[in-house]
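This report goes through one protein model with a bound ligand. It covers the sheets, the ligand shell and a few local backbone features.

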Amino acid sequence: MRVLVLGSGGREHALSWKIAQSSHLEELYIAPGNAGTRLHGTNVSIKADDFQGIRKFVLEKNISIVVVGPEDPLVKGIRDFFEQDEELKKIPVIGPDKKGAQLEGSKDFSKVFMEKYNIPTAKYKTFTKDTLEEGYAFLAKLKPPYVLKADGLAAGKGVLILDNLEEARAELSNMLLDAKFGDASSRVVIEEFLKGIELSVFVLTDGHSYKILPEAKDYKRIGEGDTGLNTGGMGAVSPVPFATPDFLDKVENQIVIPTIKGLQQEDINYKGFIFIGLMAVKGEPFVIEYNCRMGDPETEVVLPRIKSDLLDLFEGVATGTLSERDIEFDEKTATTVMMVSGGYPESYEKGKTIYGLNEVENCQVFHAGTTSDGPVVTSAGGRVLAVTALGKSIEAALAKSYNALEKIEFEGAYYRRDIGQDLL
Ligand code: ATP
């Protein structure tokens, strides 16, 4: 197969690394990719949401399948774009169409969907500027903390959790009347706060059958002990010890199966990954959010635990024959620790030379924000590298990840030293 991966983060490096191991692979291209993806294929300088640029490239190189990493092109309708084009419509896109991507692109859509198909989630209501007063009244009925969510995509910043009612009222008004998150907050979901432990479950589906992939826990805050600002993710662990077989059965029966059935009933021909963000509340799973793609850094611990050929699975997704494909997992634990630029998630400098990458052993270094000029690799983003290791236990995997991190350096580099500690 001649494969084009869209995106440029650690997730896309992990996808490229895994695809490169496939016996079905003829040629791999990554648009735009990073200094890590070029080790497994050819980077092409086309943005992941430049549909016309992608169209031209796909036809020129006779691409047989397109794998979409980030949500943006999906929410903007890249699959619809392919399906509506005479020349592109035979080329499968791994990722949902625009309607399916609304599971992530609109919090209100996903809440209505969950309510309709009886999928456990926090109680909620959605408000607009015309129903602000009703929003205040709804807040007054809830107990703190108050959870306010901008309906649309807000680069992971659109969720506010507030301890006091006055603040919650003020933020609701900021979001609805003053467009705090632009158009994304023209509708706001207010929901009940769920107290529990978070984890994520990933599903690959061809629209009919599905495979549940290894679950993972990620670490969102910049500081140790889960303190400080939210980030794109500072590390991840898979499997998650508190996700017992009994809990995962509940996830499958109460969430995954109704989700797949619901998508079918809504006439959504979903083909791709579903990321289910969960809160475990006293042993019961509740959906916090759906994403229409894999997570980053979760991909960096999930894919290394899949033994099966990823392109074989993607072929199953594309042709609606996923149920005929086997999927096998590695029992070992995978950990990943993110190395970030000093200052991230606030302002930070780029262009720092990264040293020591060739000295790393027993680990897979997935590049996120990196670029290269010949053999020199430099930082090009906030999150720079994800260092993944497999081990017989969380401790064993972490020891390898941290050992490798000690060998890598760039000016201002920072990483959390407590990834996975809460699970020990
Ligand atoms: P991201 O893009 O960072 O994955 P998001 O902006 O799409 O997230 P959510 O995942 O819905 O938004 O919420 C962000 C975080 O807020 C969650 O990971 C969770 O920690 C917290 N959160 C969201 N909803 C609730 C809730 N009902 N109760 C408790 N915490 C919540």
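Which residue in β5 is the bridge partner of V67? The partner is I94. The model is predicted, and the description below should be read with that in mind.

**The parallel sheet**

V67 belongs to strand β4 (residues 65-68), which runs parallel to β5 and is joined to it by two bridges. These two strands are part of an open sheet of five strands with parallel pairing, in the order β3-β2-β1-β4-β5. β3 (42-43) and β5 (93-94) each have a single partner strand, so they stand at the edges with one side lacking a neighbour in the sheet. Strands of a sheet pair through backbone hydrogen bonds, either parallel or antiparallel.

Strand β2 (residues 27-32) includes P32. The peptide bond between A31 and P32 is cis, with omega about -5°.

**Strand β7 and its partners**

A second cis peptide bond joins P144 and P145, again with omega about -5°. P145 sits in the loop between α7 (132-141) and β7.

β7 is mostly covered, with five of its five residues buried. Y146, L148 and A150 point one way from the strand, while V147 and K149 point the other way. In a regular strand the side chains alternate between the two faces of the sheet.

β7 has antiparallel pairing with β8 over four bridges, and V147 has I161 of β8 as its bridge partner. The pairing of β7 with strand β9 (residues 188-191) is also antiparallel and also spans four bridges. There, A150 stands opposite V188.

**The ligand shell**

Which strands each supply at least two residues of the shell around the ligand? They are β7 (146-150), β8 (159-162) and β17 (284-291). The shell holds eight nonpolar, one polar and seven charged residues. Of these 16 residues, K107, E191, L194, E198 and E289 come nearest to the ligand.

Three polar contacts between side chains and the ligand are listed here.

| Residue | Ligand atom | Distance |
|---|---|---|
| K107 | oxygen | 2.6 Å |
| K149 | oxygen | 3.0 Å |
| E191 | nitrogen | 2.7 Å |

The ligand taken alone exposes 610 Å², of which the protein buries 84%. K149, one of the residues in the table with an oxygen atom of the ligand at 3.0 Å, is also a buried residue of β7.

**A buried aspartate**

Is D330 buried or exposed? Its relative accessible area is 12%, so D330 counts as buried, the cut-off being under 20%. D330 lies in the loop between α11 (310-319) and β18 (333-340). The side chain of D330 reaches the backbone nitrogen of K332 at 2.9 Å. Beyond its neighbours within four places in sequence, D330 is in contact with P304, R305, K307 and L390.

**Positive phi values**

Most residues other than glycine have a negative phi, and most peptide bonds are trans. Phi of D226, however, is positive, near 55°. D226 is in the loop between β13 (221-223) and β14 (227-230), and is partly exposed at 38% relative accessible area.

D267 also has a positive phi, near 65°. The loop between α9 (245-265) and β16 (272-281) contains D267. At 71% relative accessibility, D267 is exposed.

Notes. Residues numbered from 1 in each chain as written. Predicted model: local features only at pLDDT ≥ 70, side-chain atom pairs only at ≥ 80, totals over all residues. Heavy atoms only, no water. Near = heavy atom within 4 Å. Polar contact = N/O pair within 3.5 Å; in protein donor to acceptor, adjacent residues only side chain to side chain. Areas by Shrake-Rupley, 256 points an atom, 1.4 Å probe, with all protein chains shown as cover. Nonpolar A, V, L, I, M, F, W, Y, C, P; charged D, E, K, R; others polar. Buried < 20%, exposed > 50% of the residue type's maximum accessible area, 1.4 Å probe, protein only. Contact = heavy atoms within 4.5 Å. Pairing = 2+ DSSP bridges.
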